[in-house]
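Visitor: I have just opened this one and could use a short tour. Can we start with a small detail and work outwards?

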Amino acid sequence: ITASLIVDEEMVWAMVATMQKHMATHTHAINTAVYGIVLARFIRFGSPDQIRDVARGGLLHDIGKNRVPRGILDKPAPLDSAEWQIMRSHAKSGHDMVVRALGYPPSYAHIIAEHHERCDGSGYPAGRQSGGIALDSQLVSIVDAFDALTTRRVYKKPVSAFDALHLMRVAMRGQFNDEIMRDFIKMLGG
């Protein structure tokens, strides 16, 4: 992560903006990147450049939340349909922010756009199914969901790692890549 930040000035400013707006989102981004790197290395996922893309995509996956009003991010109750629509826009707007800032789509931009897509087609923004979702995006979606479930939020208490994995395997069955999910469980149990 540090190497990416040293080389990529735009990433530094994106992280500073997130940190200033919403510390919980900033912390979640770091957690997601770290889990993503460790999982990618554990499963021997591609080249060092591909693992670096997982780190960068994980670090910036929620950057679009900089465009979501803080009242929605910190609402201590369920979001209404209009608020939920605004929240769901963060994946596409984050992708667009990074492309606009760099002037071109970096090799990790798709992770930002796809981190809420689900293998069964129930995700967003495009409702893609597993074959239409990049493998690195599927990996990041697993670690993103795990960290979100195990971290305290203003609107929910954290669950244990065991309970989070159980929810992801049972209540959210079909949403995540089964093979990567099994490897993630092995990694955490190791």
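Visitor: Which residue follows H3, and what is the sign of its phi?
Guide: Arg44 follows H3, and its phi is positive, near 55°. Keep in mind that this is a predicted model.

Visitor: And H3, what span should its 20 residues have?
Guide: At 1.5 Å a residue, H3 should span 28 Å. Its end C-alpha atoms are 28 Å apart, which agrees.

Visitor: Which residues of H3 are buried?
Guide: Among them are Thr25, His26, His28 and Ala29. Further along H3, Gly36, Ile37, Leu39 and Ala40 are also buried.

Visitor: Now H11. At what angle does it pack with H3?
Guide: H3, residues 23–42, and H11, residues 178–189, pack at about 100°, with their axes 10 Å apart. H3 and H11 are therefore roughly perpendicular to each other.

Visitor: Which residues make that contact?
Guide: H3 contributes Tyr35, Val38, Leu39 and Phe42. From H11 come Ile180, Asp183, Phe184, Lys186, Met187 and Leu188. The residues of this contact of H3 with H11 comprise 8 nonpolar, no polar and 2 charged.

Visitor: Different topic. Which residues of H11 are buried?
Guide: Ile180, Met181, Asp183, Phe184 and Met187 are the buried residues of H11. They cover an arc of only 160° around the axis, which puts them on the same side of H11.

Visitor: What is on the other side of H11?
Guide: Glu179, Lys186 and Gly189 are exposed there.

Visitor: What do the buried residues of H11 pack against?
Guide: They pack against H3, helix H9 (135–150) and helix H10 (161–171).

Terms used:
Residues are numbered from 1 along each chain as its sequence is written. This is a predicted model: local features need pLDDT of at least 70, side-chain atom pairs count only at pLDDT 80 or more; totals for chains, interfaces and linings use all residues. Side-chain values use heavy atoms; hydrogens and water are left out. Axes are lines fitted to C-alpha atoms, for helices over the stretch in contact, and angles run from 0 to 180 degrees between N-to-C directions. Helices (H or I, at least four residues) and strands (E, at least two) are DSSP runs, numbered from the N terminus. Angles under 35 degrees count as roughly parallel, over 145 as roughly antiparallel, 65 to 115 as roughly perpendicular and the rest as oblique. Contact means heavy atoms within 4.5 Å. Ala, Val, Leu, Ile, Met, Phe, Trp, Tyr, Cys and Pro count as nonpolar, Asp, Glu, Lys and Arg as charged, and the others, Gly among them, as polar. Buried means under 20% relative accessible area, exposed over 50%, partly exposed in between (1.4 Å probe, protein chains only). The arc is that of the directions from the helix axis to the C-beta atoms. The expected span of a helix is 1.5 Å times one less than its number of residues.
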